[in-house]
Amino acid sequence: MTDRVLVARIGAPHGVRGEVRLFVFTEDPAAILDYDPLTDATGRTRYRITALRAAKDHFVARLANVADRTAAEALTNVDLYVPREALPAPEDEDTFYHADLIGLAVEDEAGARIGTVTALHDFGAGDILEYAPALPGIRAKTLMVPFTRAAVPVVDVKAGRLVIAEAFVERRDPEPEAGEDKEG
C-alpha cells in the first residue's frame, strides 16, 4: 500500500481568472474540499481548493495562489494526492481504494499467477480492472476484465492477490518458435 492516494487531477484552465477543470476521483466529490494537504506527486508542492462547483463532466475549482489563466495552465495534468491517514477506512470488505489494488498479483481460480494489476478504470459503464499478463502466448501488454464479483470473485488486499474467474481468463497456446512445425 502507498502512503499517499490519488484523489484528483487538475485539467485545463477554465476561463481567464485562474480557475481550473478538476477531475475528482473520490466517492463523494465534495469531500475533496475536506482533504488537507493536497500535494503533487512528489509530495512537496501543496494545493488548497478555495472554491468548487460542478460542471458537465468535471468540476471547476479555484486554487489558492492561482490568480490567472497562465498560472492555471502551468498546473494542467497535475495529480493531487492526500496522505492515506487522511482517508477514512474502507466501510466493508467490498470497498477498496484503487491505489491498494495496483500491483496485486492476479491469479486464476486454481491459484496460478496470471498477471499483475496495473490500473482500474471507469469509462462510464462500471469499473474495469487492467492487468499485465504473465501467461505464455499472450502478446497483449495489458488485458482488461470487468471489476465485478462475477469476474473478480476474490480480492485479498492483505495477501496481495485477487482472483479472476476462469470464464474471464484469456489463455492462448504459445506461438511456435521460428522453424518449428505448427502441426507437430
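The exercises below, each with a worked solution, concern a predicted model of a protein structure.

**Exercise 1. Locate D40 and work out which charged partner, if any, its side chain has.**

Begin with the position along the chain: D40 sits in the loop that runs between strand 3 (38–39) and strand 4 (46–47). Next, consider the surroundings of its side chain, which is buried and yet takes part in no salt bridge. The nearest side chain of opposite charge belongs to R4, and it is 5.4 Å away, whereas a salt bridge requires the nitrogen and the carboxyl oxygen to be within 4 Å. Then look for other polar neighbours: a polar atom of the D40 side chain lies 3.4 Å from the backbone nitrogen of R44. Finally, once neighbours within four places in sequence are left aside, the residues in contact with D40 are R4, T45, Y47, V78, D79 and Y81.

**Exercise 2. Describe the surroundings of T39, and find which side chain makes a polar contact with the side chain of T39.**

The first step is to place the residue, and T39 belongs to strand 3. The second step is to judge its accessibility: T39 has a relative accessible area of 7%, and because buried means under 20%, T39 counts as buried. The third step answers the question about the partner, since the side chain of T39 makes a polar contact of 2.9 Å with the side chain of R4. As a last step, compare sequence with space: T39 and L80 are 41 residues apart in sequence, while their C-alpha atoms are 5.4 Å apart. L80 is also among the residues that T39 touches, a list that includes R4, Y47 and D79 when residues up to four places away in sequence are not counted.

**Exercise 3. Find how many salt bridges the whole structure holds, and trace where the partners of three of them lie.**

Start from a general point: side chains of opposite charge can pair when their charged atoms come close. A search of the whole structure finds 6 salt bridges.

- One of them joins the side chains of R9 and D79, at 2.5 Å from N to O. This pair links distant parts of the chain, with R9 in strand 1 (residues 4–14) and D79 in strand 7 (residues 79–83), 70 residues apart. R9 is partly exposed at a relative accessible area of 31%, whereas D79 is buried at 18%.
- Another joins the side chains of E19 and R53, at 2.8 Å from N to O. E19 lies in strand 2 (residues 19–24) and R53 in strand 5 (residues 49–54), so this salt bridge ties together parts that are 34 residues apart in sequence. E19 is buried, with a relative accessible area of 14%, while R53 is partly exposed, with 40%.
- A further one joins the side chains of E107 and R161, at 2.8 Å from N to O. Here E107 is in strand 8 (residues 105–107) and R161 is in strand 13 (residues 161–163), 54 residues apart. E107 counts as buried at 14% relative accessibility, and R161 counts as partly exposed at 25%.

To finish, check for shared partners: salt bridges that share partners join E19, R53 and R62 into one network.

**Exercise 4. For E130, decide which side chain makes a polar contact with the side chain of E130.**

First, E130 is placed in strand 10 (residues 127–133). Second, E130 is buried yet has no salt bridge, and K141, the nearest side chain of opposite charge, is 11 Å away. Third, the polar contact that answers the task is made with the side chain of H121, at 2.5 Å. H121 also appears among the residues that E130 touches, which include T116, V117 and T142, leaving out residues up to four places away in sequence.

**Exercise 5. Identify which element gives the most to the lining of the largest pocket.**

Begin with the space itself, since the largest pocket holds about 1100 Å³. Of the 32 residues that line this pocket, F25, T26, E27, F96 and H98 are the closest to its centre. Then turn to the elements: strand 1, helix 2 (98–101) and strand 9 (113–122) each supply at least two residues of the lining. The solution is strand 1, which gives the most, with 5 residues.

Notes
Residues numbered from 1 in each chain as written. Predicted model: local features only at pLDDT ≥ 70, side-chain atom pairs only at ≥ 80, totals over all residues. Heavy atoms only, no water. Helix = DSSP H or I, 4+ residues; strand = E, 2+ residues; numbered from the N terminus. Buried < 20%, exposed > 50% of the residue type's maximum accessible area, 1.4 Å probe, protein only. Lys, Arg positive; Asp, Glu negative; His and termini not counted. Polar contact = N/O pair within 3.5 Å; in protein donor to acceptor, adjacent residues only side chain to side chain. Contact = heavy atoms within 4.5 Å. 1 Å grid on protein atoms, 1.4 Å probe; cavity = no way out; pocket = protein on both sides within 12 Å on 5 of 7 lines; lining within 4 Å. Points joined across faces, edges and corners; volume = space filled by probe spheres on them.
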